[in-house]
Structure formats: structure tokens, C-alpha cells
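User: I am new to this structure. Please walk me through the labels used for it, and the reasons behind them.

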Amino acid sequence: MDHMMADLVITGGMVATDTSVYAADVAIADGAILAIGAPEAMPPAREVLDARGMHILPGAIDAHVHFREPGYTHKEDWATGTAAAAMGGTTTVFEMPNVDPPTGTPDTLRMKLDAASKAFVDYGIYGLLAEDNIEHLEALIEGGVAAFKCFMGNTFGNLPSPCTGAMLEAFEIIAPHGLRVSLHAETASIIDWRQKRLMAAGRNAPLDHLASRPAIVAIEAVSRAAVLAEWTGARIHVLHISSGDELRPLRDAKARGVDVTGETCPHYLLFDEDAYREHGPLIRVNPPVREAVHQRALWGGIADGTIDMIATDHAPHLPEEKLRNVIWQADCGFPGVETQMPLMLTQVAAGRLTLPDYVRLSSTAPARAFGLFPAKGVLQPGADADIAIVDLARRETITADALHSRGRITPFEGWEVRGVPVHTLVRGRFVMRDRKLVTEAGGWGRSVHRIQRMPKAVPRHTGETLRAVTGG
Ligand SMILES: [Zn+2]
């Protein structure tokens, strides 16, 4: 057989996996990794990239972004959102359904897939799980959603949270298909009640947002969702873990054998309640940034494996939509997909995480949880060549003006980071090169549902589902 020709060989760098860091070259052909090894073992290549002094990581897989299209494209669209991902070393995103119209029917899924045709990076689409679209859940699976999103608590878009009965029926329907249901795990009735009481008392300062959502909203929601998942065999994922307290029901559920994963976000690891005084309404996000005691517990949850992954909850808004005097009127969330990797690599530099920990949290774990492993989430022959080439020594200062998101305001403004992605490749193609977006790569992104392989589904209590007992 003739020598295989590689499209690209990345030479002189250090390859990082979730278990080790070692010197090796990486050869890429036809969008996949062809070989990893010593320079003399590499095939001839059309192009060689000098990566001396750099580390070669599997690209980040962000299980939680909001790209706002259709409906709110003044905040973000799929071109700007995925450009920000590419610039941040993120090669796959899972995008949320709280757009207008919400992604809860086959028609709206087609609209979303249409918008996603501009993407620079690969993507999974979340289908909405709500009370009014239960009859569409199976059609959404057929149409190519990669997971479902259930808003147990309200946030941007004000999609009503389903009652427990509707959640149970939805879990019964989804469980046999094996797809994961990601939860905004805050209990709406507690939040609504407290917010109304606070508003009636004239409380409208930034810290009142935290008062409206104490950790009990998350404890209650995680516990309840875990019970429904255990009963039905549905797989669940706890989004944006913000409190130390909700780690207990999460640990308990894992110990009982519930297939549940959890994520936290850089803002919960790096901000505490002081942020309300420093940033005012800009820090408003759901769930809220909490007291320092929670921040310490979240780092503990990362260290002991209760928290499986880092995601961003990238949630851009315009500055004027954030900076409102009455806290209840400030839109919730801020951009994150472009700053996650530099912020977390800075934590690696500070010794709070190892580089393999970071690879596991940012890439390998989400790939496993959402059925993409080993096509993604790992650098090994045969895997997609989804790669972030990072300079761990490079320092930059985060500034909203330099971000590619349309939501140009961030509480990380002025933060000095150490560790920056320099090149990003998606299936072998540069989408960022030398810290510049490769604009021609818009549209290169593909939906991951075609390569998704969830483990065999294990539905339970199948004879007692609503469908089984009603015959419909
Ligand atoms: Zn979110």
C-alpha cells in the first residue's frame, strides 16, 4: 500500500489527554486523526504546523450555550455564537431551545437547524421538554435533537416549567430512546413566590436576586428530577450547578445508580457574593452566583468527581439589557463560550486543576455523557480532529470589545488570563488560526446527532407508563 498522505501534521507539541501529557506529533487526514507519535513515525503531509511550546488538547465540548436564533438575533446568532466558540477553543456546542419560537416541535427544529447552517463548529441541538409539546418529543428525536432541555425554573424566554406529572410522562417517553434530559434545576414555584414577596416589599437591589433563589430551589429540583429519572430510567444532566447543597442529592442519585451527570460554569467557580457589589445587575444570572462557602464546595465537587464537567451557559445580552436599576428587569446571563478555556487554563496555571483534569472536565466527560465518545472528546487515531492548540504561558486580558459574541459585556472584563487557545481545528479544518477567526469556515459545523451513540437505554416501570395504561 502506498504511503498515506496526511493533510496536516502538528509537530513539536505536547499532547494532553484526560490521563496524561506527553510529547508527540499529530497527523490528520480527511478530518480525523490518522496517527499520534514520534516525528519520524509521521506520514508525509501537505502542511506542517509548528507547535513547539504549545499543548494540543481535544477541543472543548460545551454542553450549554444559548445562541438566540431564531428570535433574539440582536443578542447573538449562530454565526457570532459559533465564532466565539471557535475563538475559545470549543469545537462542539449543545445549543438551548429557549429561542422564539422555542425549539419544541419538528417545524421549529427545522428552523433551528437552518440557523445552525452558518456554524463554525459542530453542534447538538436541544429539544424543549415542556407541558405543551409532549406529543412532539418523539418527532424531535427523529428530527435529530441530541438531548432535551427541561426548564424546572424560569429564566430568559419565560418558558413555563412543566408540572411534575408532565415531566414524568416526558421521561417515560424519552427513557427508551436513551437521550439525556438536561435540567435547569431550580423549582419555579419557590422562586416565583419569593420574588413576588420581595417585589411587594420593595426589594429590588442586585443581592435581592440571590435572596429570591436560595439553594433550596436547587436541592428540591435536583432531588425531584433524580427520583423521576430513577423511576423511569431516563438519563439526566444537572445544568449550571451553583450551590454546595445540591451536590448532596446529586451524589445520592449517583450512588443509587441513576444515570446523572452534572456541570458547573466558570462564573460559579470564580465569583462569590462580592460580585453583586462590584458588578451590580451585570452579575445577574440563573441560578445566581452565591456566597463563598458554595464556591469552595463546588471546587470540592470537582475534586471528588461529583461535578462531571465544565460548561458555560453562554447567555449573551446587550449591555443596555443587562444594566438596569431594578434587578428584576436586568436580563439574566452573559457570554462565556469564548472565555471558558482561558479562565480555566488560568486555574490550571494556578495549580487548582491539572491539565488532564481540565481535558476531562471540558471535553472527555461531556463527550461521554452525550454519546459522542470516542469520536470526540479524545485525541487518538480514528477520532475527529477536533483540536485546541493552546499556549499555556501566553497572557491576555479579557475585554468585551475583543469578544466575538454580540453580547459585548462580561463580568470578566479586565481579568488577566494565562493560557490561551491559539489555533482551533474542527474535523481537521482550521476555524481559528493564530488567534484569528477563519471566516471562510462559517458553515463547516455539522450536527452531531448522526455520530451520537448513547449507551443502551434501560427504561423502567414500562408497564406503568401513561402510554401503557391508556393504550395511547
Ligand atoms: Zn442556560
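Analyst: What follows is a round of short questions and answers on this predicted model.

User: What makes His64, His66 and Asp313 donors of the zinc ion?

Analyst: Distance does. A donor is an N, O or S atom within 2.8 Å of the metal. His64 (NE2), His66 (NE2) and Asp313 (OD) coordinate the zinc ion at 2.0 to 2.2 Å. These values lie under the cut-off, so the three residues count as donors. Along the chain, the donors follow the spacing H-x1-H-x246-D.

User: Are the two histidines buried or exposed, and how do you know?

Analyst: Buried means under 20% relative accessible area. His64 has 1%, so it is buried. His66 has 6%, so His66 is buried as well.

User: Which residue has a positive phi in the loop between β8 (60-65) and α1 (78-87), and why single it out?

Analyst: Most residues other than glycine have a negative phi. Arg68 is not a glycine, yet its phi is near 70 degrees. Arg68 lies in that loop, between β8 and α1. Its relative accessible area is 2%, so Arg68 counts as buried.

User: What about Arg427?

Analyst: Arg427 also has a positive phi, about 45 degrees, although it is not a glycine. Its place is the loop between β17 (416-426) and β18 (429-433). Relative accessibility is 17% for Arg427, which is under 20%, so the label is buried.

User: Which peptide bonds are called cis, and where are they?

Analyst: Most peptide bonds are trans. The bond from Asp100 to Pro101 is cis, with omega near 0 degrees. Pro101 sits in the loop between β9 (90-95) and α2 (106-115). The bond from Asn286 to Pro287 is cis too, with omega near -10 degrees. Pro287 is in the loop between α10 (274-279) and α11 (292-303).

User: How do you know that Asp122 and Lys376 share a polar contact?

Analyst: The cut-off for a pair of N or O atoms is 3.5 Å. The side chains of Asp122 and Lys376 are joined at 2.8 Å, so the pair falls within it.

User: What else can be said of Asp122?

Analyst: Asp122 is in strand β10 (residues 122-128). At 2% relative accessibility, Asp122 is buried. Leaving out residues up to four places away in sequence, Asp122 touches several others, including Thr91, Val93, Arg427 and Trp444.

User: Why are β8 and β15 called edge strands?

Analyst: The sheet is open and has 8 strands, in the order β8-β9-β10-β11-β12-β13-β14-β15, with parallel pairing. β8 and β15 (309-310) each have a single partner strand, so one side of each has no neighbour in the sheet.

User: What makes β12 and β13 a pair?

Analyst: Pairing takes at least two bridges. Strand β12 (residues 180-184) and strand β13 (residues 235-238) have 4 bridges in the parallel sense, so they pair. Ser182 stands opposite His237 in β13.

User: How does α1 lie relative to the sheet strands β9 and β10?

Analyst: α1 lies across both β9 and β10, and runs at about 135 degrees to β9.

User: How is the packing of α4 and α7 described?

Analyst: Two packed helices are described by the angle and the distance between their axes. The axes of α4 (residues 164-174) and α7 (residues 216-232) come within 9 Å and cross at roughly 35 degrees. The crossing is right-handed. Among the residues that meet are Leu168 and Phe171 in α4, and Leu228 and Trp231 in α7.

Definitions and conventions. Residues numbered from 1 in each chain as written. Predicted model: local features only at pLDDT ≥ 70, side-chain atom pairs only at ≥ 80, totals over all residues. Heavy atoms only, no water. Donors = N, O, S within 2.8 Å, 3.2 Å for Na, K, Ca; no water. Buried < 20%, exposed > 50% of the residue type's maximum accessible area, 1.4 Å probe, protein only. Helix = DSSP H or I, 4+ residues; strand = E, 2+ residues; numbered from the N terminus. Polar contact = N/O pair within 3.5 Å; in protein donor to acceptor, adjacent residues only side chain to side chain. Contact = heavy atoms within 4.5 Å. Axes fitted to C-alpha atoms, helices over the stretch in contact; angles between N-to-C directions. Left-handed = near helix turned anticlockwise from the far one by under 90°.
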